[in-house]
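Q: Got a minute to go through this one with me? I'd like to start with whatever the record annotates.

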Amino acid sequence: MGNLKLKGKDILKLGYPNNQSVNIALEVMKRNFATKNIHYVKSLLKEIHQNPKNFEKDLTFGQIAEALLSSKKTEKRMLNTNRADFHIFGNNISDEAKNQLYTALKLPISTQGALMPDAHSGYGLPIGGVLAVENAVIPYGVGMDIGCRMSLSILDTPISYLDGAKDKYEKALAEHTKFGMYETHKSHIDHEIFDRDTFDLIPILRRLKGKAIKQMGSSGGGNHFVEFGEVEITEEDEQINLSTGKYLGILSHSGSRGVGAEIAQYYSRVATEQCPLPKEAQNFAWLDLNTHLGIEYWTAMNLAGDYASACHDDIHRRLVKAVGGRVKARIENHHNFAWKEIHNGKEVIVHRKGATPANENELGMIPGSMTAKGFIVRGKGNPDSLNSASHGAGRAHSRGECRALFTQNDIKKELKLKNVTLIGGNAEEAPMAYKDINEVMNAQSELVDILGTFQPRIVRMDK
């Protein structure tokens, strides 16, 4: 905590009430002003005490002001007996995933929900779950990998190069992509995101900035990937601005790395303390967006989303530099995030945990598996799905089941059959681990139009 010799009795002498405001003030000042003069720190605390309303929205002092203005005790929240309105798309969805949505729909803040055809059970909100709530954000409703997203670059390179210069593309993926917890690039670009004052305003972000710089341009483990493949545009769209035909593409799937994970862990814990819920609903603890912690998480979440996007930009930049060609079009979308949107004439917070935004005319990318085609889509803005679609094919088998069911030999046979080269990967992400992407797409014809496909050819994943 540094050298600041501030004690609770010093704060009480400034006129602070003998309640949680003293502990909060002590923690905030030691965390943010550990090296400052004690007289300076006391003068700040005095000013906050005299005019707490002036500091309510301040990212550093808001928590102290909130504690001074509120004397409410933390009370256990109860679930409603009735569920909010919902729609389920597709049939091949487990009861466990449905029950997780049903619990979420009973939260007193919930207004509407939906389950996408790729849905399967998760922590709190199921993967493929969409939930709209009033003026609050649920950290576990966004998920651990904040801003996890798809990014597709379509190049002007002839598609024949993927076979003719296959070694070059394999080498580019092997040398210029990094995966998992320990692989990082030796050199880093000065991205504008690291100049943002948000990194300095929120203590947890200040601590994570070094990690963010180090992990820039890298991908996570698990189901994250970077691929070269064959893009086929089957329907022209003025946003993509490409003729129908085949193109060489780069597709990446990853999120906000250690930054997003630590933000999620910290604010999920804080939300649970602030918002006690019955046992079956504990992972739905929320942060009110009128509170300092709610504003703080929302700010951190948005930074993590932008950081995830910046990582994809860097991945694609490195690969294009290595293999040549020019980017003719780019399509990307988050699928672990919360958005402020208008539904039924009212502003709500829409959580999409493993679901693609599909507002009217919004472009998105829905992948299949390492051997199955993914789909370039245009949203239809269907209100029943809260303007959402699936984020992939969805798991048919858990990671544990995959380890028991599939061998490396099984995976090699499937890769050879589909003419796909895999660098890294393991049985947990076997092509057979996933639902049939065509069935998933058929189940959401009311949600999106298909504009094209992406067939993976060279796939890189964590080892």
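Q: Which residues does UniProt list for "binding site"?
A: The unreviewed UniProt entry lists Asp 145 and His 224. They span 80 residues in sequence, yet no two of their C-alpha atoms are more than 11.0 Å apart, so they gather at one spot. Keep in mind that this is a predicted model.

Q: Where does Asp 145 lie?
A: In the loop between α6 (139-142) and β5 (149-155).

Q: Buried or exposed, that Asp 145?
A: Buried. Its relative accessible area is 18%, and the cut-off for buried is under 20%.

Q: And where is the place of His 224?
A: Also a loop: His 224 sits between α10 (203-215) and β6 (225-233).

Q: Is His 224 buried or exposed?
A: His 224 counts as buried, at 9% relative accessibility.

Q: What joins the side chains of His 224 and Asp 145?
A: A polar contact of 3.2 Å.

Q: What else does Asp 145 touch, not counting residues up to four places away in sequence?
A: Besides His 224, Asp 145 touches Ser 254, Gly 255, Ser 256, Arg 257 and Asn 336.

Q: Same cut in sequence for His 224: what does it touch?
A: Asp 145, Cys 148, Phe 179, His 253, Ser 254, Gly 255, Arg 460 and Met 461. Ser 254 and Gly 255 are on the Asp 145 list and on the His 224 list.

Q: Arg 257 came up there. What is its phi near?
A: Near 55°. That is a positive value in a residue other than glycine.

Q: Where is the place of Arg 257, then?
A: In helix α11, which covers residues 257-274. Arg 257 is buried, with a relative accessible area of 11%.

Q: Which other residue has a positive phi although it is not a glycine?
A: Asn 135, at about 45°. Asn 135 is in the loop between β3 (127-133) and β4 (136-137). It counts as partly exposed, at 35% relative accessibility.

Q: New topic. Where is Gln 112?
A: In strand β2, residues 110-120. Gln 112 is buried, with a relative accessible area of 10%.

Q: What lies 3.0 Å from a polar atom of the Gln 112 side chain?
A: The backbone oxygen of Pro 383.

Q: Who else does Gln 112 touch?
A: Leaving out residues up to four places away in sequence, its contacts include Ala 84, Asp 85 and Leu 105. Val 130, Leu 131 and Ala 132 are also among them. So are Asn 344, Asp 384 and Leu 386.

Q: β2 rings a bell. What covers the buried residues of α5?
A: The cover includes β1 (85-88), β2 and β3. The α5 helix runs over residues 95-104. Its buried residues include Ala 97, Gln 100, Leu 101 and Tyr 102, along with Thr 103 and Ala 104.

Q: On to α12. Is Glu 296 buried or exposed?
A: Buried, at 3% relative accessibility. Glu 296 is found in helix α12, residues 292-323.

Q: Which side chain does Glu 296 have a polar contact with?
A: That of His 292, at 2.8 Å.

Q: What is Glu 296 in contact with, leaving aside neighbours within four places in sequence?
A: Leu 59, Ile 202, Tyr 266 and Tyr 267. As for Phe 199, its C-alpha and that of Glu 296 are separated by 12 Å, and the two residues are 97 apart along the chain.

Q: What about Ser 309, where is its place?
A: In helix α12. Ser 309 counts as buried, at 15% relative accessibility. Not counting residues up to four places away in sequence, it touches Arg 149 and Glu 332.

Q: Last one: how many disulfides does a search of the whole structure find?
A: It finds 0.

Q: Why no bond for Cys 311?
A: The closest cysteine sulfur, in Cys 148, is 11 Å from the sulfur of Cys 311, so it is too far for a bond. Cys 311 is buried, with a relative accessible area of 1%.

Q: And how far away is the nearest cysteine sulfur for Cys 402?
A: 18 Å, and that sulfur belongs to Cys 148. Cys 402 is in no disulfide. It counts as buried, at 0% relative accessibility.

Note on methods:
Residues are numbered from 1 along each chain as its sequence is written. This is a predicted model: local features need pLDDT of at least 70, side-chain atom pairs count only at pLDDT 80 or more; totals for chains, interfaces and linings use all residues. Side-chain values use heavy atoms; hydrogens and water are left out. UniProt positions are given in the numbering used here, feature names are shortened, and annotations may be inferred rather than shown by experiment. Helices (H or I, at least four residues) and strands (E, at least two) are DSSP runs, numbered from the N terminus. Buried means under 20% relative accessible area, exposed over 50%, partly exposed in between (1.4 Å probe, protein chains only). Contact means heavy atoms within 4.5 Å. A polar contact is a pair of N or O atoms within 3.5 Å; within protein, one must be able to donate a hydrogen and the other to accept it, and residues adjacent in sequence count only if both atoms are side-chain atoms. A disulfide is a pair of cysteine sulfur atoms within 2.5 Å.
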